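Thanks for coming. I have one structure to go through today, and I will keep it short. Please have a look at it first.

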Amino acid sequence: MQVDLTKVKAYGDTLNDGAVQLSFTLPVPAGEEAREAARQLALKMGLESPAVTEMADLGAGFSFFVVYGRCPHSVDYTAIKIPKREHEIMSFDEVNEFVRRELKKKVVVVAACTGTDAHTVGIDAIVNMKGYAGEYGLERYPEFEAYNLGSQVPNAELLAKAVEHGADAVLVSQVVTQKNIHLENLTELIELAEAEGIRDRMLFICGGPRISHELAIELGYDAGFGPGTLPNHVASFIVKELARRKKQ
Amino acid sequence: MENKLNLDQAIIDGARAAASRIADALHSWISLYTTTTIERAVARLVGIDGVDAAGVPLPNVLVDRLHEKGLLGHGLLSWLARAMISTGQGPQEIAEAVAGGKLDVSAVPALPEEKWRDLGDGLAAEAAAKITARRLEREQMMATAAPERKPLLYVIVATGNIYEDAVQAKAAALQGADIIAVIRHTGQSLLDYVPYGPTTEGYGGTYATQENFRIVRRALDEAIKETGRYIRLVNYCSGLCMPEIAAMGALERLDMMLNDAMYGILFRDINMRRTLIDQHFSRMINAFAGIIINTGEDNYLTTADAYEKGYTVIASQFINEQLALRSGLREEQMGLGHAFEINPAMEDGLLMEIAQAQLCRELFPRSPLKYMPPTKHVTGDIFSTYLINGMFNLVSILTGQEIQLLGMLTEAIHTPFLSDRYLAIKNARYVFNNARHLGEEIIIKEQGRIQARAVELLNRAYALLKEIEKIGLEEALERGFFADIKRSRDGGKGKEGVVLKEKDYYNPFPEIFLQRSAAKDDDGRAC
């Protein structure tokens with residue numbers, strides 16, 4: 001099987017068949033007209049020979065569809081450039097050893113879930129002693145001094161604490177993303193930090209289910225971590241980046 | 001309740017007795033205090049509503065003035081009764097006069113108790129009658145509705161816009177949901193007031209306001225007419241305004257309230273004393289209104305590890321039960337919470353979930369247990385999440401859970417789409433119907449893995465309760481016994497709202513609320 005990386009198409013069971021599946025709801029009652037509306041919508045999305053494989057009545061004038069079709073479009077995979085964190089991932093022991101060898105001081109991290117967001121699950125997974133999926137959190141790292149401020153922390157308070165503790169890195173978690181509240185909140189933190197002249201004194205790192213490294217860079221952060229991140233990923237980035245800056 | 005787990009009744013009794021003594025220790029001081037939100041709830045119960053020119057709710061305006069003048073420790077209602085006598089006006093007019101600067105709270109003359117007492121008692125009796133009418137209305141509607149099949153299907157709507165919520169709530173009811181919660185705006189728990197009027201903007205949910213309660217209640221009452229089923233409405237009696245939300249819910253015929261004794265302390269960093277005082281009054285209102293409370297132990301398992309800390313859920317359920325009993329709640333009104341949160345990658349994780357769920361069932365046989373879906377370990381792989389939710393539903397029907405908060409396949413992605421709820425209901429209906437009597441057919445192997453896990457959970461919960469009894473709940477919370485979260489006794493938000501009651505403190509509501517629950521049924525239990 002020879003894949004042409006300049007023209008990559010979706011794959012169902014045959015190369016270049018372009019097969020995709022999607023589901024959506026229409027605010028019209030289920031019926032033959034609704035089914036046809038779903039098919040036409042799929043056509044307008046550019047799908048070829050769309051098949052409505054399921055229509056369900058959701059009540060109150062809504063209907064739900066599962067649709068399969070062939071997407072004729074392709075992308076040039078070879079032309080894609082994604083900014084990546086270039087640091088290698090180290091283990092818990094390697095990170096601590098690295099700090100002792102290269103930084104020769106404890107790494108201070110201040111973390112919070114900011115704004116009105118009350119979901120601490122992300123920040124807890126990274127910072128709390130216990131960690132996540134068998135990886136200890138930053139509080140457990142002997143060479144780290146980690147402060148988890150919890151949830152619903154105003155941006156100004158997070159910065160004040162970061163200054164008070166002499167933080168090397170600030171970690172912000174944003175879980176609620178309704179109406180892009182997380183973007184406003186993350187932007188405000190960087191603006192505040194710049195206004196107070198402390199943006200370059202510490203690393204600013206954000207994380208959450210809808211955060212990517214690319215988005216974080218765009219918002220003015222040093223790094224962003226999305227789903228599947230473990231504490232040692234964040235720790236590795238922090239210590240490597242601090243070491244890099246120290247050498248400059 | 002069949003004893004499938006071979007539990008030692010002496011240990012169950014010991015755990016319950018320890019929890020009872022823990023609750024007694026708290027109640028040695030809870031009744032010495034009132035709080036700003038309790039007094040605001042009293043204001044709301046006697047009909048004070050609306051906002052001043054600056055948008056501040058009138059209950060806040062009035063209570064703040066009384067608090068500033070050091071008068072709150074006597075109770076709002078004695079002041080109000082005297083103000084009514086001296087001005088000849090009603091509660092709402094008086095609150096408006098205070099807000100408009102026309103009435104100075106300290107200018108209301110002192111009067112001997114016999115002069116105003118009947119008026120105060122009358123206001124309270126009138127408020128209680130309104131709540132009773134809403135309770136009877138519910139009982140009436142339920143009596144004529146189709147019989148319920150448990151587990152009840154519970155879904156949430158969370159658009160931020162109450163009018164959109166109402167449409168989605170009704171759609172969910174028509175799809176088969178029995179219980180609908182309008183998720184609250186994420187920041188509301190820390191507001192020391194209840195917003196006023198209908199709201200159309202909120203993040204992660206919609207503000208709880210009395211008008212919003214009314215709007216969704218109306219939509220669900222339409223759904224009741226259309227489906228012939230009673231559809232229950234839920235909101236969040238938590239945060240800094242527990243008593244006020246309870247009062248609003250009682251007046252607008254909500255059916256369930258998230259109403260935990262410790263949730264605010266642990267997860268919102270609300271002052272310990274404030275929360276414990278507030279939960280007591282709010283639960284009395286809920287008890288009187290016939291509302292089922294939901295406790296929040298499920299949250300422990302999203303912060304701490306569900307397998308390692310499963311026993312803390314059991315210990316907390318015992319404490320929540322004892323505190324709830326002291327507020328007049330019947331066991332049938334206690335939707336004790338737990339969750340399906342063990343890492344799905346764990347070998348035999350399903351067996352451990354069955355052990356936990358069956359244990360809750362056997363320890364609290366009359367409680368309409370509230371079972372929460374997997375959230376912590378589900379991912380953007382909606383197909384996998386849908387399967388895990390099916391396993392969650394299977395455990396529920398197997399172990400006789402009653403309030404099933406349905407897992408959403410997009411849990412890890414966004415607040416649910418309309419179709420996510422439809423798929424969740426379809427999943428639950430399939431599993432519940434397809435395995436309806438599985439629990440009656442299955443015997444759990446003696447000394448097997450499930451029994452061993454249940455016994456371990458109970459033993460550890462009992463040990464924890466004994467330790468908490470020794471040091472007191474306050475100290476236990478300081479040491480991080482629950483959810484791995486430590487809270488200091490004097491820290492947290494809202495402590496300035498705690499007020500020592502004066503000798504002549506007057507608030508007739510607790511007596512009215514507890515009186516009803518003091519009535520006994522044939523088994524000698526509160527009814």
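I will go through confidence, then a strand in chain A, then the contact between the chains, and then the nonpolar cores.

Keep in mind that this is a predicted model. For the complex, the predictor gives an ipTM of 0.83 and a pTM of 0.86. Chain B has a mean pLDDT of 94, and 98% of its residues reach 70 or more.

Now to chain A, and to strand E6, which runs over residues 169–173. How many of its residues are buried? Five of five, so to speak the strand is mostly covered by definition of burial. The covering applies to both faces of E6(A). On one side sit Ala169(A), Leu171(A) and Ser173(A), on the other Val170(A) and Val172(A), and all are buried.

Which strands pair with E6(A)? One is strand E4 of chain A, residues 107–113, which pairs with E6(A) in the parallel sense over five bridges. In that pairing, Leu171(A) in E6(A) has Ala111(A) standing opposite. Another is strand E7 of chain A, residues 203–207, again parallel to E6(A) and again with five bridges. There, Ser173(A) has Gly207(A) in E7(A) as its bridge partner.

Next, the contact between the two chains. Chain A puts in 25 residues and chain B puts in 27 residues. Where on chain A do they come from? Strand E1 (19–26), strand E2 (48–59), strand E3 (62–70) and helix H3 (121–127) each supply at least two residues of the side that touches chain B. The largest share is from E2(A), with three residues. By type, this side of chain A divides into 11 nonpolar residues, 10 polar and four charged.

Last, the nonpolar cores. The largest has 184 residues. Which residues have the most contacts inside it? They are Ala169(B), Ile180(B), Ile314(B), Ala461(B) and Leu465(B). Helix H18 of chain B, residues 449–471, gives this core its largest share, nine residues.

Take Ile314(B) from that list. Setting aside neighbours within four places in sequence, Ile314(B) is in contact with Leu359(B), Leu363(B), Leu457(B), Leu458(B) and Ala461(B).

Another core, of 50 residues, lies apart from the largest one. Among its residues are Cys113(A), Ala169(A), Ala193(A) and Ile205(A). We have met Ala169(A) already, as one of the buried residues of E6(A).

That is what I had.

Methods
Residues are numbered from 1 along each chain as its sequence is written. Chains are lettered from A and ligands numbered from 1 in the order in which they are written. This is a predicted model: local features need pLDDT of at least 70, side-chain atom pairs count only at pLDDT 80 or more; totals for chains, interfaces and linings use all residues. pLDDT is the predictor's confidence in each residue, from 0 to 100. A residue is buried if 20 or more other C-beta atoms lie within 10 Å of its own, exposed if 12 or fewer, and partly exposed in between; C-beta atoms are placed from the backbone. Helices (H or I, at least four residues) and strands (E, at least two) are DSSP runs, numbered from the N terminus. Two strands pair if DSSP finds at least two bridges between them. Two residues are in contact if their C-beta atoms, placed from the backbone, lie within 7 Å. Ala, Val, Leu, Ile, Met, Phe, Trp, Tyr, Cys and Pro count as nonpolar, Asp, Glu, Lys and Arg as charged, and the others, Gly among them, as polar. A nonpolar core is a set of buried Ala, Val, Leu, Ile, Met, Phe, Trp, Tyr and Cys residues joined through C-beta atoms within 7 Å.
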